Amino acid sequence: MQSIPKKITPCPILQAVVELRFETVLPSDAVFGILYSLLSSQYNTFEKLPILQIPEILRSQDPNLRYQPAYKLINDNFWVQIGSNVISVVNVGSYAGWTLFLEKISSVLNHLNDSKIVSKVTRFGIRYISFFSLDIFKEINFGLTLNGDEFETEQLVLRSLLKREEFFVNLQVANKTFVSDFTEIGSIIDIDTFIENENLTIPDIKSSFLERSHFEQKKLFFGILKKEFLVSLNPEY
């Protein structure tokens, strides 16, 4: 059985996101108003996001905009992003670790459940974006050949949709790339583990899917790293 580290040092995680998409009968302003009243004591700063410049009727009809957040609540390294049909909890900057991140997520989900805003959950996902200053393709268990020879390229972006247990996983690996709000060129491993199921409920997500989706993304992340590279990251088990 694969041994999965509790942490590696230095931690490469740039951003961790838990997102829940849902249906509601309430207008977008009401969704934000209710959630802000419940969360403002913990997240005392909020920002309006640029998507609010687009009329709501257009946002609601465009599938690329429907699940985009319109407001951001801020408390140090944690954000809660809210849209008419989406809420996400984000850990930015220094990763706080799963225990504290889970506490923040659970608190937001409790408030969301108590608010009675959600008529149906449509998607739940957890996403981790990790950054490395080196060429990550030299350090992972992946290879490409062209006409039997090693495939050499100046830049490579790998995107794949995987199935892991009941979850789907959007995996993206890229080298020689920029990350938004980060000036250094390097590599990313971006793992978005999600489930789409009309029978999802917020209590089910809290009791089962949160821990399992986190485990699946973590297992995939450490599974694709070469053993020698993982050792160089000072893993703690």
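**Exercise 1. The cavity**

What is the volume of the largest cavity? Identify also the residues and elements that line the largest cavity.

*Solution.* The structure is a predicted model.

Step 1. Searching the whole structure for cavities of 30 Å³ or more yields 1. The volume of the largest cavity is about 40 Å³.

Step 2. Its lining is made up of Val 18, Leu 20, Ile 87, Ser 88, Val 89, Val 108 and Leu 109.

Step 3. At least two lining residues are supplied by each of β1, β5 and α3 (98–115). The largest share, 3 residues, belongs to β5.

Step 4. Sorted by class, the lining of the largest cavity holds 6 nonpolar residues, 1 polar residue and no charged residues.

**Exercise 2. The pocket**

Describe the largest pocket by its volume, its central residues and the class make-up of its lining.

*Solution.*

Step 1. The volume of the largest pocket is about 650 Å³. It is lined by 29 residues, of which Val 17, Glu 19, Arg 21, Gln 68 and Arg 127 are the closest to its centre.

Step 2. Two or more lining residues come from each of β1 (13–23), β4 (78–83), β5 (86–92), β6 (120–132), β9 (157–164), β10 (167–179) and β11 (182–195). The largest share is that of β6, with 5 residues.

Step 3. The class count for this lining is 13 nonpolar, 9 polar and 7 charged residues.

**Exercise 3. A salt-bridge network**

Trace the salt bridges of Arg 123, and classify each partner as buried or exposed.

*Solution.*

Step 1. Side chains of opposite charge can pair when their charged atoms come close. In this model the count comes to 10 salt bridges.

Step 2. Arg 123 pairs with Glu 19, with 3.3 Å between the closest N and O atoms. The two residues lie 104 residues apart, Glu 19 in strand β1 and Arg 123 in strand β6.

Step 3. Buried requires under 20% relative accessible area. Glu 19 has 17% relative accessibility and therefore counts as buried. Arg 123, at 8%, is therefore buried as well.

Step 4. Arg 123 also forms a salt bridge with Glu 196, the closest N and O atoms being 3.8 Å apart. This pair spans 73 residues, from strand β6 to the loop between β11 and α4 (202–224), where Glu 196 is found. Glu 196 counts as exposed because its relative accessibility is 53%.

Step 5. The network of salt bridges links Glu 19, Arg 21, Arg 123, Asp 192 and Glu 196.

**Exercise 4. A pair at the helix α4**

Which residue forms a salt bridge with Arg 212? Determine the accessibility of both members of the pair.

*Solution.*

Step 1. The partner is Glu 166, and the closest N and O atoms are 1.7 Å apart. Arg 212 belongs to helix α4, whereas Glu 166 is in the loop between β9 and β10, 46 residues away in sequence.

Step 2. Arg 212 has a relative accessible area of 35% and so is partly exposed. Glu 166, with 27%, is therefore also partly exposed.

**Exercise 5. Surface residues**

Locate Phe 142 and name the nonpolar surface patch that contains it.

*Solution.*

Step 1. Phe 142 lies in the loop between β6 and β7 (145–146). Its relative accessible area is 33%, so Phe 142 is partly exposed.

Step 2. Together with Leu 144, Leu 146 and Phe 151, Phe 142 forms a nonpolar patch on the surface, with about 330 Å² of accessible area in total.

Terms used:
Residues numbered from 1 in each chain as written. Predicted model: local features only at pLDDT ≥ 70, side-chain atom pairs only at ≥ 80, totals over all residues. Heavy atoms only, no water. 1 Å grid on protein atoms, 1.4 Å probe; cavity = no way out; pocket = protein on both sides within 12 Å on 5 of 7 lines; lining within 4 Å. Points joined across faces, edges and corners; volume = space filled by probe spheres on them. Helix = DSSP H or I, 4+ residues; strand = E, 2+ residues; numbered from the N terminus. Nonpolar A, V, L, I, M, F, W, Y, C, P; charged D, E, K, R; others polar. Patch = residues over 30% accessible without salt bridge, like charges linked within 9 Å, V, L, I, M, F, W, Y side chains within 5 Å. Areas by Shrake-Rupley, 256 points an atom, 1.4 Å probe, with all protein chains shown as cover. Salt bridge = Lys/Arg side-chain N within 4 Å of Asp/Glu carboxyl O. Buried < 20%, exposed > 50% of the residue type's maximum accessible area, 1.4 Å probe, protein only.
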